[in-house]
2 protein chains.
Amino acid sequence: MRQALIDEGGFRSAQDVYGALRAAGHKVGLSTVYRHLQAFSDQGEADVIHTGDGETTYRFCGDSGGHHHHLVCRRCGRAEEVESRSIERWAEETAKRFGYTDVDHTVEVFGVCAACAAAS
Amino acid sequence: MRQALIDEGGFRSAQDVYGALRAAGHKVGLSTVYRHLQAFSDQGEADVIHTGDGETTYRFCGDSGGHHHHLVCRRCGRAEEVESRSIERWAEETAKRFGYTDVDHTVEVFGVCAACAAAS
DNA sequence: GGTAATAATGAACATCGTTATCACTCTTAG
DNA sequence: CTAAGAGTGATAACGATGTTCATTATTACC
């Protein structure tokens, strides 16, 4: 199961993973997929991105615990882990300037990867 | 209706707006609220943020068309419009470095505003 | 090995936000 | 006044996710 998500490589929705597993012949329930995906996310083993259309997508992430963001291909879901100290600093500083505390932030960059661009 | 969203001040879900209108005595349907909110968003009159728990929140935004991000209070929904040329530059540059095109990005900062922090 | 306790599973159902239907009303043009 | 068109809202439909619970797999202990 863990392997399934790893194999997918990019950000995938629960239903995607479920479909892939079923297609591969595994008899697995949707509930189980959701459960595991959430567990992975809770343990920091997987990164989560909420797409604009209400889907939650997961991706196995080696750098557990490390704070980072993603550059995601909106066609195939492939993602690069990116990091920027300056972004973190900017967020902190901006929040402080307006008197906000307990700060958190989401930063995701979407685009079309070279492979997908070539394919079209 | 437009006024209702303006009055709310911060990011509010369709259901919130619906509730506020009903509470104010207006007889309005949920469908209509959704329709208008989406229309505002389409016309760029309102900004949209998808919260982590699958809700879509809207906020009336003066700076129509201008690209900006938000510093949002996760308690009361109040929001400050923030802007950072450096963030835009970083996103562009990062995408280019990995060969991604047709780039877009979401940047939202969440925290607890001074008022809400004081209230607790 | 055998057995009891425990955890994991998955089918069906519940929920929640959102969207589509469609009859009805309100407005506008003639 | 009347007919056409737009807007409205109650309700049903929908898709993603969460929960329930009986069944199955696993582990611990004898």
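What share of the atoms of DNA strand D within 4 Å of the protein belongs to sugar or phosphate, and what share to bases? Sugar or phosphate holds 65% of these atoms, and the rest belong to bases. The model is predicted: local features need pLDDT of at least 70 and side-chain atom pairs count only at pLDDT 80 or more, whereas totals for chains, interfaces and linings use all residues. Residues are numbered from 1 along each chain as its sequence is written, chains are lettered from A and ligands numbered from 1 in the order in which they are written, and side-chain values use heavy atoms, with hydrogens and water left out.

We may stay with DNA strand D for a moment. Around this strand there are 15 residues, and the closest are A:Y34, B:K27, B:S31, B:T32 and B:R35; a residue is near a strand if one of its heavy atoms lies within 4 Å of it. A base oxygen of DNA strand D has a polar side-chain atom of A:S31 at 3.4 Å. The phosphates are also reached: a backbone N or O atom of A:T56 lies 2.9 Å from a phosphate oxygen of DNA strand D, and an N or O atom in the side chain of B:H36 is 3.0 Å from a phosphate oxygen of that strand. Helix 3 of chain A and helix 3 of chain B are the elements that give two or more residues to this surface, with helices taken as DSSP runs (H or I, at least four residues) and strands likewise (E, at least two), numbered from the N terminus. Helix 3 of chain B supplies the largest share, four residues. By class, the surface near DNA strand D has two nonpolar, nine polar and four charged residues; Ala, Val, Leu, Ile, Met, Phe, Trp, Tyr, Cys and Pro count as nonpolar, Asp, Glu, Lys and Arg as charged, and the others, Gly among them, as polar.

DNA strand C comes next. It is surrounded by 15 residues, the closest being A:K27, A:R35, A:H36, B:Y34 and B:T56. Of the atoms of DNA strand C that come within 4 Å of the protein, sugar and phosphate account for 60%. Phosphate oxygens of this strand lie 2.6 Å from a backbone N or O atom of A:K27, 2.8 Å from an N or O atom in the side chain of A:T32 and 2.8 Å from a backbone N or O atom of B:T56. Here helix 3 of chain A gives the largest share of the surface, four residues.

The two protein chains also meet each other. The contact (heavy atoms within 4.5 Å) takes 35 residues from chain B and 35 residues from chain A. About 2800 Å² is buried between them, with 64% given by carbon and sulfur atoms; buried area is the accessible area (1.4 Å probe) that two parts lose on being put together, summed over both. Two salt bridges are counted between the chains, a salt bridge being a side-chain nitrogen of Lys or Arg within 4 Å of a carboxyl oxygen of Asp or Glu. One of them joins the side chains of B:R74 and A:D102 (3.3 Å, N to O). On the side of chain B that touches chain A, strand 6 of chain B gives the most, with 12 residues. Strand 6 (residues 101-112) of chain A runs antiparallel to strand 6 of chain B, and nine bridges join them; two strands pair if DSSP finds at least two bridges between them. Within this pairing, A:D104 has B:F110 as its bridge partner.

Notes. A polar contact is a pair of N or O atoms within 3.5 Å; within protein, one must be able to donate a hydrogen and the other to accept it, and residues adjacent in sequence count only if both atoms are side-chain atoms.
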